[in-house]
Amino acid sequence: QQVELDYAFAEWAFSDAARVRAGRVKHPFGIYGEIFDVGTVGPFYSLPASLYAPNGFTARAYNGAGITGTVPVGAWSVQYDVYGGQIEGDFETPGLLSTVRDYYAEPSIRFGYRVENSYGGRLNVTAPVEGLSFGVSSYTGQAYTDISSVDAAKRDVYAAHAEYALDRFAIRAEAGHLKNGDDFNINSGYVETSYKITDKWQVAGRWDQQDVILPGVNLSRLPAIFPQLLDHREAALGVSYWFNPNVVVRGSVHRIDGNRFAYPDTGAEVASALATGELD
């Protein structure tokens, strides 16, 4: 068995405007970065894959220290986070995208990564309009993986988010860009909306997409299935039934094009796809 520590940190609250945190702290990123497992917050069981799947945009925690606070500015409110240390998370990718030859035939591989000497922050602004907020997130550092001896690459991440949420209606959107040295770039984004028809029944919809760019790689010289391993297009519809504000049952249907996150079941399927040039 393996045991992992999600969070363990201390906080010193000097005022609402300044709270210092140190330890293994929730990573302040976008809308969902600090509430990965709070299932009653988002309208779907799963978070948008483009930014919150294990793909390097954000991790559940950073090891280090930071300062956070909320500052009123007239009728507005500004919540900020500034931090530094080590970001530690998981990364999952099709085996064919691995830099390690031993994993090429695997449907997918999952490994740990670290962003050392990282620093970044998040700024979230609440407008004097009920339910409206927006902001930005960013960090930079040197990225390492657990499976590669390749020299570390500088990772830069930028993202913007907006949310308009009332009692019954909500719409959220985020867009982000990740640059991992000269290895790869990622453009991601989603829009999701939900509406409570009654106090019990809620419907939701989401569009989610990601594009992976490999600078200097001529895709035409690679296997025919390779380009679709770099893309993700997902349309989702969901229905939820709320027993009370703390208990909800969800169901959803997802239509996905691209195999960035939709992996084959077996290595035999990977071999067949390479031979035929076709992958579902």
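User: Which two side chains meet in a salt bridge at 2.7 Å, N to O, with Asp 37 as one of them?

Analyst: The partner is Arg 60: the side chains of Asp 37 and Arg 60 meet in a salt bridge of 2.7 Å, N to O. This pair links distant parts of the chain, with Asp 37 in the loop between β2 and α1 (49-52) and Arg 60 in the loop between α1 and β3 (61-73), 23 residues apart. Keep in mind that you are looking at a predicted model.

User: Is Asp 37 buried or exposed?

Analyst: Asp 37 counts as exposed, because its relative accessibility is 59% and the cut-off for exposed is over 50%. Arg 60 is partly exposed, with a relative accessible area of 34%.

User: How many salt bridges are there?

Analyst: The count comes to 18 salt bridges. Some of them join up: Glu 11, Arg 19, Arg 21, Glu 34, Asp 81 and Arg 122 are linked in a network of salt bridges.

User: What does Glu 11 do in salt bridges with Arg 19 and Arg 21?

Analyst: Glu 11 meets the side chain of Arg 19 in a salt bridge of 3.5 Å, N to O. Glu 11 also forms a salt bridge with Arg 21, where the closest N and O atoms are 2.7 Å apart. That second pair links distant parts of the chain: Arg 21 is in strand β2 (residues 18-26) and Glu 11 is in strand β1 (residues 8-15), 10 residues apart. For the surroundings, Arg 21 counts as buried at 15% relative accessibility, while Glu 11 counts as partly exposed at 37%.

User: Let's turn to aromatic rings. How many aromatic pairs does the structure hold?

Analyst: The structure holds nine aromatic pairs. One of them is Trp 76 with Phe 134, an edge-to-face pair at 6.4 Å centre to centre and 80° between the planes. The two rings come from distant parts of the chain, Trp 76 in strand β4 (residues 76-93) and Phe 134 in strand β6, 58 residues apart. Trp 76 is partly exposed, with a relative accessible area of 39%, and Phe 134 counts as partly exposed at 34% relative accessibility.

User: What is the arrangement of Phe 91 and Phe 111, stacked or edge-to-face?

Analyst: Look at the angle between the planes. Phe 91 and Phe 111 have 20° between their planes and lie 5.6 Å apart, centre to centre, in a stacked pair. This pair also links distant parts of the chain, with Phe 91 in strand β4 and Phe 111 in strand β5, 20 residues apart. Both Phe 91 and Phe 111 are buried. Elsewhere, Tyr 32, Phe 36 and Tyr 52 form one aromatic cluster.

User: Which charged residues sit over aromatic rings?

Analyst: Here are two cases. The charged end of Arg 155 sits over the ring of Tyr 113, 5.0 Å from the ring centre. Lys 196 lies over the face of Trp 242, at 4.4 Å from the ring centre.

User: Now for strands. How do side chains point along a regular strand?

Analyst: In a regular strand the side chains alternate between the two faces of the sheet. To see how strands pair here, start with β6 (residues 132-145) and β7 (residues 153-165), which pair in the antiparallel sense over 12 bridges. Ser 137 stands opposite Ala 159 in β7. Next, β7 and β8 run antiparallel and are joined by 11 bridges, and Ala 160 stands opposite Ala 175 in β8. A hairpin of three residues joins β7 to β8.

User: Which residues form the nonpolar patch on the surface?

Analyst: Phe 169, Ile 171, Val 191, Tyr 195, Ile 197, Trp 201, Val 203 and Val 239 form the patch, with about 680 Å² of accessible area together. At least two patch residues come from each of β8 (169-180), β9 (184-196) and β10 (201-213). Tyr 195 makes a good example: its place is in strand β9, and it counts as partly exposed at 42% relative accessibility.

User: What is the phi of Asn 117?

Analyst: Asn 117 has a positive phi of about 50°, although it is not a glycine. Asn 117 lies in strand β5 (residues 109-126) and is exposed, with a relative accessible area of 66%.

How values were computed:
Residues are numbered from 1 along each chain as its sequence is written. This is a predicted model: local features need pLDDT of at least 70, side-chain atom pairs count only at pLDDT 80 or more; totals for chains, interfaces and linings use all residues. Side-chain values use heavy atoms; hydrogens and water are left out. Helices (H or I, at least four residues) and strands (E, at least two) are DSSP runs, numbered from the N terminus. Buried means under 20% relative accessible area, exposed over 50%, partly exposed in between (1.4 Å probe, protein chains only). Patches are made of residues with over 30% relative accessible area and no salt bridge: like charges are joined within 9 Å, nonpolar side chains (Val, Leu, Ile, Met, Phe, Trp, Tyr) within 5 Å. Accessible areas come from the Shrake-Rupley method with a 1.4 Å probe; for residues, only the protein chains shown count as cover. A salt bridge is a side-chain nitrogen of Lys or Arg within 4 Å of a carboxyl oxygen of Asp or Glu. Two strands pair if DSSP finds at least two bridges between them. Rings of Phe, Tyr and Trp (its six-membered ring) pair if their centres lie within 6.5 Å; planes under 30 degrees apart count as stacked, over 60 as edge-to-face and the rest as tilted. A charge sits over a ring if NZ of Lys or CZ of Arg is within 6 Å of the ring centre and within 35 degrees of the ring normal.
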